[in-house]
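Hi everyone, thanks for making room for me today. I'd like to talk through some strand pairing and then some charged side chains, so let me put the structure up.

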Amino acid sequence: MNRLSSLLAFTFALTVSASAGDWTIRTVAGTGEKGFSGDGGPATSAKLDNPFGLVRGPDGALWFCEYTGQRIRKILPDGTIQTVAGSGQVGYTGDGGAALQASFNLPHEIRFDAAGDLYIVDMKNHAVRKIVMKTGIISTLAGNGQPGYSGDGGPAAKAQFKQPHSIQFGPDGDLYICDIGNHVIRKIDMKTGLISTFAGTGKAGPTPDGSAIAGTPLNGPRSLDFDKQGNLWLCTREGNQVFKFDLQAGKIHHVAGTGKKGLTGNAGPAKSATLSGPKGITIDAAGNAWLADCESHTVRMIDASTGNLELIAGNGQKGDGPDGDPLQCPMARLHGIYADADGGIYIGDSEAHKVRVLRKK
């Protein structure tokens, strides 16, 4: 065991969350072996390849992207698995044709719009792509395929990103994008197709509590979601913090993380806790913010009623743990996390090559 692992294990032993006992964890897809297999059969017997972002589709299936598998797959309500996009090859091909024949370069996250069409962050292609679900045809919505920071005020398809990571539709119907390489959040007006910078200055920097959204730096804007009040929540990868953006007031509020990297502060005030490269955030119906705290291999939750940070799953060690007690289930650099309407919290347990779900007992 290395020094960091020993420290995380020691800290974990001191700060186990009391609320973690209310939950159980279960594998819903993946055998734990990296690969590609299983279409048409039980998802739990399939091989996955680095599952990242997840979302419930309008068809009732759970959709997820495979980052190094270069595919989009879904788990049907009957538990079977299907591939819906991606040939499995690395590339940037297929626009104008069937999504199953297209190639991706590290698809990172997926979302559906109000019409039921699918949007994919194609990270290393520096693009956001769209699949019209009625036809299965794929196209590029945003990004010209080249890394950079340009295009604000013009058509999104001609803009440049630098490794976009996370996307989500806001209450206004516009698409918000974590352009992490540029340390900004971009926004696409879905009525006009024009792109702009919503937050960040283009350079990494501190984000003071109470600062204005406009003109304030961000440090690695990694993953975002919206709550039912219309606030945007953001976790910063390099910044190791969580912020809430009040869009009506135009202000940024610091919610969690001191800015230092670690696994401390569980069961205490979220602002005083340390995070370890948070890679995913999702807001549940009660307003709790769930984090895929990647480098500590844990799921942590900011309790909306107390403001405390709770450790819910993982033990600080990297591994492929058993179903049952979440605190006895090591995970491996989890990236995706999704709060479902039925109360389940789905996890893209990336390097364990599994999709898991947390449910209340």
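Let's start with strand E8, residues 127–132, which pairs with E9 in the antiparallel sense over five bridges. If you want a spot to click on, take arginine 129, which stands opposite threonine 140 in E9. Before I go further, please keep in mind that this is a predicted model.

So where do E8 and E9 belong? They are part of an open sheet of four strands, in the order E6-E7-E8-E9, with antiparallel pairing. The edge strands are E6, residues 107–112, and E9, residues 137–142, and each of them pairs on one side only. If you ignore direction, neighbouring strands of this sheet are turned by 25 degrees against each other on average. As a general reminder, strands of a sheet pair through backbone hydrogen bonds, either parallel or antiparallel.

Now let's move along the chain to strand E12, residues 184–188. How many of its five residues are buried? Four of them are, so by the cut-off of under 20% relative accessible area this strand is mostly covered.

E12 has strand E11, residues 175–179, as one partner: the two run antiparallel and five bridges join them. One pair to look at is leucine 175, whose bridge partner in E12 is isoleucine 188. The hairpin of E11 and E12 has four residues between the strands, and in it histidine 183 takes a positive phi near 60 degrees.

E12 also pairs with strand E13, residues 195–199, again antiparallel, through four bridges. Here arginine 186 stands opposite threonine 197 in E13. In this second hairpin there are six residues between the strands, and glycine 193 takes a positive phi near 80 degrees. For those of you who like backbone torsions, histidine 183 and glycine 193 are two residues to bring up on your own plots.

On to the charges. In general, side chains of opposite charge can pair when their charged atoms come close. How many salt bridges does a search of the whole structure find? The count is 23, and I'll show you three.

The first example joins glutamate 238 and arginine 237, with an N to O distance of 2.7 Å. Glutamate 238 is partly exposed, at a relative accessible area of 37%, and arginine 237 is partly exposed as well, at 27%.

Next comes arginine 333 with glutamate 351, at 3.1 Å from N to O. What does this pair tie together? Arginine 333 sits in the loop between strands E22 (308–313) and E23 (336–339), and glutamate 351 in the loop between strands E24 (345–349) and E25 (354–360), so the contact links parts that are 18 residues apart in sequence. Arginine 333 counts as partly exposed at 22% relative accessibility, and so does glutamate 351 at 31%.

My last pair is aspartate 342 and arginine 359, whose side chains meet at 3.2 Å, N to O. Aspartate 342 lies in the loop between E23 and E24, while arginine 359 is in strand E25, so this salt bridge ties together parts 17 residues apart in sequence. Both are partly exposed: aspartate 342 has a relative accessible area of 47%, and arginine 359 has 25%.

To finish, let's go back to Arg333 and Glu351. They belong to a network of salt bridges that also links Lys279, Glu295 and Lys318. Thanks for listening, and I'm happy to rotate the view for anyone!

Notes: Residues numbered from 1 in each chain as written. Predicted model: local features only at pLDDT ≥ 70, side-chain atom pairs only at ≥ 80, totals over all residues. Heavy atoms only, no water. Buried < 20%, exposed > 50% of the residue type's maximum accessible area, 1.4 Å probe, protein only. Pairing = 2+ DSSP bridges. Axes fitted to C-alpha atoms, helices over the stretch in contact; angles between N-to-C directions. Salt bridge = Lys/Arg side-chain N within 4 Å of Asp/Glu carboxyl O.
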